[in-house]
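Colleague: I am new to this structure. Could you take me through it with a few short questions?

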Amino acid sequence: MVAYGCFSFMIRVGVNGYGTIGKRVADAVEAQPDMELIGVAKTQPNFEAHTAVERGYPMYAAIPERSPLFAEAGIDIAGEVDELVAEADVIVDCTPSGIGAQNRELYETHHTPAIFQGGEDSDVADVSFNARSNFDAARDADYVRVVSCNTTGLSRIIAPLEEEYGVDKVRATLVRRGGDPGQNSRGPINDILPNPIKVPSHHGPDVKTIFPDLEIDTLGLKVPATLMHVHALNVTLEDDVTGAHVRQLLEGEDRVYVIPEGLGIDGAGKLKDFALDAGRPRGDMWENCVWGESIGVNGRDLYLFQAIHQESDVIPENIDAIRAMFDTEDKRDSMELTDRTLGVGISGDPSGFSEQARAEFADD
Ligand code: NAD
């Protein structure tokens with residue numbers, strides 16, 4: 001791998017849409033030694049815009065007519081979004097579902113490659129992407145879609161199982177958070193919704209954008225929670241396995257955290273506490289969180305529960321998608337670099353501290 005700090009060129013990255021995903025992608029780009037964050041585009045000068053300015057991110061107006069609002073709020077803008085697009089080697093589009101597809105024309109006009117998010121239909125891009133599962137499919141692609149938080153979570157489990165044992169069929173029930181913590185317009189408030197009511201849900205077909213030959217059926221529900229999604233998985237493997245073997249396999253995956261027994265982490269709430277106590281930015285859990293005790297096997301049938309932090313699991317994937325598109329690193333080196341710079345991966349340490357967080361706490 002190219003040594004830290006010795007990259008032959010820096011990839012100039014712009015982020016269009018600075019909400020839940022965009023602000024995390026911007027911070028993650030900023031942490032990369034081979035990337036430069038050249039700016040972020042926002043529609044309005046809200047608190048997140050002020051935070052971006054504090055962090056030193058050049059601000060661009062996503063909607064030109066709204067440029068004066070930024071000046072009124074005391075924010076100097078570096079320009080309008082089309083200038084950011086023209087300047088960037090790649091744009092990471094983090095706008096709400098459907099807007100990304102509308103933006104594609106802007107990116108094409110400037111011949112700027114772009115990464116879209118999982119809220120877009122798969123035909124927005126040449127390839128749907130998950131680093132662990134199909135890194136090479138994005139090599140040299142101009143338009144890539146990083147799949148949704150749920151599809152990312154499912155792909156990270158399916159890839160090692162498929163490689164190690166072969167998979168006959170996946171059945172997954174997705175208990176989805178109603179909205180993100182800041183989305184006070186979302187619900188349900190006091191209800192449990194089959195969502196979508198139609199069975200199987202659209203999530204299975206989305207996973208097939210990563211694993212085209214996979215047999216998978218998914219069911220979705222929405223519940224009044226904002227913290228995380230929880231998946232109940234049943235995977236029929238091609239061979240008989242033991243739970244211990246599957247556990248060892250998943251423990252070997254850097255973006256999967258097998259929650260050990262005895263830590264008292266019995267739900268999404270405790271997982272978020274665990275992440276915050278460990279000093280993770282915004283309490284992010286980039287890894288799939290699989291309850292070790294839930295890994296159960298009956299012949300070829302594997303069962304497990306996992307929690308997925310919807311706001312953050314796709315962030316390392318966006319970083320790897322950039323390197324895949326520019327063909328600057330292979331899969332293993334890119335994922336390793338991303339994980340090291342962000343602090344992804346919880347080893348055996350029961351506190352969940354990364355080396356970086358440990359050093360910071362020691363300095364205090
Ligand atoms: P968000 O609403 O939190 O952020 C979107 C941001 O884009 C907002 O700041 C909004 O003001 C801004 N915006 C709106 N129109 C714009 C435009 N025309 N140009 C530039 N910016 C504009 O949304 P989000 O949750 O960050 O989702 C972004 C994408 O990521 C969606 O495709 C979503 O499906 C996907 N995604 C979201 C999550 C999640 O849980 N939040 C997880 C995985 C993927």
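Modeller: Start at the ligand. This is a predicted model. In it, a polar side-chain atom of Thr 43 lies 3.0 Å from an oxygen atom of the ligand.

Colleague: How far is Gly 119 from an oxygen atom of the ligand?

Modeller: Here the contact comes from the backbone of Gly 119. Ser 97 uses an N or O atom of its side chain instead, 3.4 Å from an oxygen atom of the ligand. For the backbone N or O atom of Gly 119, the distance is 3.2 Å.

Colleague: How much of the ligand's accessible area does the protein cover?

Modeller: On its own, the ligand has 830 Å² of accessible area. The share covered by the protein is 82%.

Colleague: How many residues surround the ligand, and which are closest?

Modeller: The shell holds seven nonpolar, ten polar and three charged residues. In total, 20 residues surround the ligand. The closest are Thr 20, Ile 21, Thr 43, Arg 177 and Asp 180.

Colleague: Where does the ligand lie relative to domain 1 and domain 2?

Modeller: Domain 1 covers 11-148 + 314-342, and domain 2 covers 150-313. Both give residues to the shell, so the ligand lies between them.

Colleague: Which feature does UniProt place at residues 11-149?

Modeller: Over residues 11-149 the chain is 35% helix and 24% strand. The end C-alpha atoms of that stretch are 25 Å apart. The UniProt entry is unreviewed, and it names the feature "domain: Glyceraldehyde 3-phosphate dehydrogenase NAD(P) binding".

Colleague: Which residue forms a salt bridge with Glu 108?

Modeller: The whole structure has 29 salt bridges. The partner of Glu 108 also lies in helix α5, residues 99-109, four residues apart from it, about one turn of the helix. The closest N and O atoms are 2.9 Å apart, and the partner is Arg 104.

Colleague: What is phi of His 111?

Modeller: His 111 sits in the loop between α5 and β6 (114-116). Most residues other than glycine have a negative phi. In His 111 phi is positive, near 55 degrees.

Colleague: Where is Pro 188, and what is omega of the peptide bond that joins Gly 187 to it?

Modeller: Pro 188 is in the loop between β9 (167-177) and β10 (193-194). Most peptide bonds are trans. The bond joining Gly 187 and Pro 188 is cis, with omega about 5 degrees.

Colleague: Is the peptide bond from Val 199 to Pro 200 cis or trans?

Modeller: Pro 200 is in the loop between β10 and α8 (203-207). Omega of the bond from Val 199 to Pro 200 is near -5 degrees, and the bond is cis.

Definitions and conventions
Residues numbered from 1 in each chain as written. Predicted model: local features only at pLDDT ≥ 70, side-chain atom pairs only at ≥ 80, totals over all residues. Heavy atoms only, no water. UniProt positions renumbered as here; feature names shortened; annotations may be inferred. Helix = DSSP H or I, 4+ residues; strand = E, 2+ residues; numbered from the N terminus. Near = heavy atom within 4 Å. Polar contact = N/O pair within 3.5 Å; in protein donor to acceptor, adjacent residues only side chain to side chain. Areas by Shrake-Rupley, 256 points an atom, 1.4 Å probe, with all protein chains shown as cover. Nonpolar A, V, L, I, M, F, W, Y, C, P; charged D, E, K, R; others polar. Domains from an automatic or database assignment. Salt bridge = Lys/Arg side-chain N within 4 Å of Asp/Glu carboxyl O.
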